[in-house]
Amino acid sequence: MTSIRLIKHAPGAPGLRIFGLGPQMQPAKGILKLKELLDKHAFWAKDRSPKELRHLLAQSTVVISLWSDKRMIGFGRATSDGLYRAVLWDIVVARDLQGLGLGRKVVDALLSAHALKKVEKIYLMTTYSTEFYLEVGFKKIQGQQVLVTNGNEYRTS
Ligand SMILES: CC(C)(COP(=O)(O)OP(=O)(O)OC[C@H]1O[C@@H](n2cnc3c(N)ncnc32)[C@H](O)[C@@H]1OP(=O)(O)O)[C@@H](O)C(=O)NCCC(=O)NCCS
């Protein structure tokens, strides 16, 4: 396998979001690469437009991407108030590279980010990957449930 690079983006990921930068701050069509990764490997995040992905990045407190040359092979992000609560979102590793410790690297990088250092509780929601999150340090919540309602206008166009 070629060498893998993990990028800890600045809050809002301006390099990736505005210029599509990848490893070593080189142009890498990063938004299209992110779209491809999510479309192929993240069932909950298919068909997000480049504009929506830029919006999502701009609103994220921590953004991590993993690259093999100019291919984006992993991603994860967190939103937070910086003190009380944070939530991890959109954690994904390309299917052909799963099971090699890369998902753990993405989660570790998110949890060790400076912006989350003082946060009291970090949450996430998962459909099929509970075992993975238990392996990387999360615990099931006793006595709480995830509830949801749809936003009125969830598209940014
Ligand atoms: C979930 C996901 C990010 C995990 O990434 P990964 O690179 O495959 O995981 P890792 O190789 O870093 O695994 C870390 C540990 O979790 C364990 N693990 C990973 N997936 C597991 C599973 N499905 N069941 C049990 N254990 C699992 C690994 O065995 C490893 O344990 P070890 O360090 O003791 O060997 C990846 O499988 C993925 O992208 N899945 C599709 C998208 C998805 O569902 N994302 C989660 C959204 S909430």
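1. A strand, as the word is used here for β5, is a DSSP run of E with at least two residues, and such runs are numbered from the N terminus. The structure is a predicted model, and the points below concern its ligand site and its pockets.

2. Of the 19 residues around the ligand, those that come nearest are Val 93, Gly 99, Gly 101, Gly 103 and Arg 104. This shell is made up of nine nonpolar, seven polar and three charged residues; β4 (85-93), α4 (102-111) and α5 (130-135) each supply at least two of its residues, and α5 gives the most, with four.

3. As for polar contacts, a backbone N or O atom of Gly 101 lies 2.7 Å from an oxygen atom of the ligand, while a backbone N or O atom of Ile 91 lies 2.8 Å from a ligand nitrogen atom. A polar side-chain atom of Ser 129 lies 3.3 Å from an oxygen atom of the ligand. Of the 930 Å² of accessible area that the ligand has on its own, the protein covers 68%.

4. The ligand takes up space that is the largest pocket, which holds about 1,400 Å³. Its lining has 48 residues, with Trp 44, Ala 45, Arg 48, Trp 89 and Asp 90 nearest the centre, and β4 provides the largest share of that lining, six residues.

5. The second largest pocket has a volume of about 650 Å³, and among its 19 lining residues Tyr 123, Leu 124, Lys 139, Lys 140 and Ile 141 are the closest to its centre. The largest share of this lining, four residues, comes from β5, and the lining divides into 11 nonpolar, five polar and three charged residues.

How values were computed:
Residues are numbered from 1 along each chain as its sequence is written. This is a predicted model: local features need pLDDT of at least 70, side-chain atom pairs count only at pLDDT 80 or more; totals for chains, interfaces and linings use all residues. Side-chain values use heavy atoms; hydrogens and water are left out. A residue is near a molecule or strand if one of its heavy atoms lies within 4 Å of it. A polar contact is a pair of N or O atoms within 3.5 Å; within protein, one must be able to donate a hydrogen and the other to accept it, and residues adjacent in sequence count only if both atoms are side-chain atoms. Accessible areas come from the Shrake-Rupley method with a 1.4 Å probe; for residues, only the protein chains shown count as cover. On a 1 Å grid over the protein atoms alone, a cavity is a set of points where a 1.4 Å probe fits but cannot get out, and a pocket is an open set with protein on both sides within 12 Å along at least five of seven lines; lining residues have an atom within 4 Å of a point. A molecule sits in a cavity or pocket if more than half of its atoms lie within 2 Å of its grid points. Ala, Val, Leu, Ile, Met, Phe, Trp, Tyr, Cys and Pro count as nonpolar, Asp, Glu, Lys and Arg as charged, and the others, Gly among them, as polar. Grid points are joined across faces, edges and corners, and a volume is the space filled by probe spheres set on the points.
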